[in-house]
Amino acid sequence: MKRAFRTLLLFVGPCLVLSACAAGSTLYVPGDLTRPARAVAPAAGVPQVVVKDFAYTAPPDNIIGRDFDRARLIAWKGEPGKAMADLVAGVLVERGVATVRRGANSQGDEAVPIRISGVIRRFEVNSRRTGGLSADIEAKVSLTVTAEGPGLSGPSEQTVTSSASISDLFVTPDGLREVMMTTANAVAEEAARKLLEAKVVSPSS
C-alpha cells in the first residue's frame, strides 16, 4: 500500500508543480491580425478614402482577456487601434474603394474626400470550461467608425459588434489568435458593408 502511494506521488507531484507554475502566468496571443489571402486588383484613380488609426485605450500590460480555469491572463503585444484600421481599410480596397491608410496625426488628409476614424469599444478574448473536457474560447470586438469630409453632408457613424468562439481540449496561443482573427475580420467586413450600403463610400470607377 505504501509503495503504491509513493508511486502515485511520483506521478502526481510533477503535475501539481506544473499546475502551480501555470497558474497566475500570462498567455500571449502570437502574430498580427491579417486579412485572408486573396487576389485584389488596385482600385483605380486617386484615393477617395483615408482610414486613420482607431482610438483604443490599452489596458495595463496589453491584457485582453483571461483563461479563467487556469487563472492566466491573456495578452497581445499588437496595437488594436492600428490593426483594426488596417483590416477595415483592407476590406474597402477589396470592395474596389480607392483607400489609403495613415496614422492618427498624419497631415494632408483634408485633400481626401472621405476621412474614416474609429473607436474600439471592446477587444477581448476569454476562455473557460463550461462542462466536459473542452474549453470554450470566445472573442468579442466592438467598433464605432465615423466618416466625415467635404464629400458628406455631415458625419456618419456606424457601430459594429461581433463575437466568435471555438471549443478545444486545451487553450493554446494559436487557438486564441484564430478566434481573434475571425472576430476582428467579421467586424471589419461588417463596418465596410455598412459604409457602402449607406453610400458613405463607393467603389472607384
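Leucine 133 counts as exposed, since its relative accessibility comes to 68%, a value over the 50% that marks the exposed class. The residue sits in the loop that runs between strand 6 (114–128) and strand 7 (135–148). Leu133 also has company out there: together with Leu169 and Phe170 it forms a nonpolar patch on the surface, and the three share about 360 Å² of accessible area. All of this is read from a predicted model, so a look at confidence and overall layout comes next.

Averaged over the chain, pLDDT is 86, and 84% of the residues score at least 70. The confidence is not spread evenly over the elements. Strand 4 (residues 72–76) has the highest mean pLDDT of the elements, at 97, while helix 1 (residues 2–22) has the lowest, at 43. Over residues 7–23 the pLDDT stays under 50, and for this stretch the model has 5 contacts beyond four places in sequence.

As for the layout, the chain has 3 helices and 8 strands. Going along the sequence, they follow the pattern α-β-β-β-β-α-β-β-β-β-α. Of the 205 residues in the chain, 38% are buried. Contacts with a separation of 6 or more were also sorted by how far apart the partners are in sequence: 74% of them join residues 24 or more positions apart. On the outside, the chain exposes about 11500 Å², with carbon and sulfur atoms supplying 55% of that area.

Now for the aromatic rings. A pair of aromatic rings is described by the distance of the centres and the angle of the planes. A search of the whole structure turns up 2 aromatic pairs. One of them is formed by tyrosine 56 and phenylalanine 123, with 6.1 Å from centre to centre and 70 degrees between the planes, an edge-to-face arrangement. Tyrosine 56 belongs to the loop between strand 2 (49–52) and strand 3 (63–67), whereas phenylalanine 123 belongs to strand 6, so this pair ties together parts that lie 67 residues apart in sequence. The two partners also fall into separate accessibility classes. Phenylalanine 123 is buried because its relative accessibility is 6%, while tyrosine 56, with a relative accessible area of 24%, is partly exposed. Trp76 joins in as well: Tyr56, Trp76 and Phe123 make up one aromatic cluster.

Strand 8 (residues 156–168) offers two more residues to look at, beginning with glutamine 158. Glutamine 158 has a relative accessible area of 16% and is therefore buried, the limit for that class being 20%. Leaving aside residues up to four places away in sequence, glutamine 158 touches Leu143, Thr144, Val145, Lys194, Leu195 and Ala198.

Further along, alanine 164 lies in strand 8 too. Its relative accessibility is 16%, so alanine 164 counts as buried. With residues up to four places away in sequence again left out, alanine 164 touches Ile137, Glu138 and Ala139, along with Val179, Thr182 and Thr183. For threonine 183, there is a backbone distance as well: its C-alpha atom and that of alanine 164 are separated by 5.6 Å, although the two residues are 19 residues apart along the chain.

Conventions
Residues are numbered from 1 along each chain as its sequence is written. This is a predicted model: local features need pLDDT of at least 70, side-chain atom pairs count only at pLDDT 80 or more; totals for chains, interfaces and linings use all residues. Side-chain values use heavy atoms; hydrogens and water are left out. Patches are made of residues with over 30% relative accessible area and no salt bridge: like charges are joined within 9 Å, nonpolar side chains (Val, Leu, Ile, Met, Phe, Trp, Tyr) within 5 Å. Accessible areas come from the Shrake-Rupley method with a 1.4 Å probe; for residues, only the protein chains shown count as cover. A salt bridge is a side-chain nitrogen of Lys or Arg within 4 Å of a carboxyl oxygen of Asp or Glu. Helices (H or I, at least four residues) and strands (E, at least two) are DSSP runs, numbered from the N terminus. Buried means under 20% relative accessible area, exposed over 50%, partly exposed in between (1.4 Å probe, protein chains only). pLDDT is the predictor's confidence in each residue, from 0 to 100. Contact means heavy atoms within 4.5 Å. Rings of Phe, Tyr and Trp (its six-membered ring) pair if their centres lie within 6.5 Å; planes under 30 degrees apart count as stacked, over 60 as edge-to-face and the rest as tilted.
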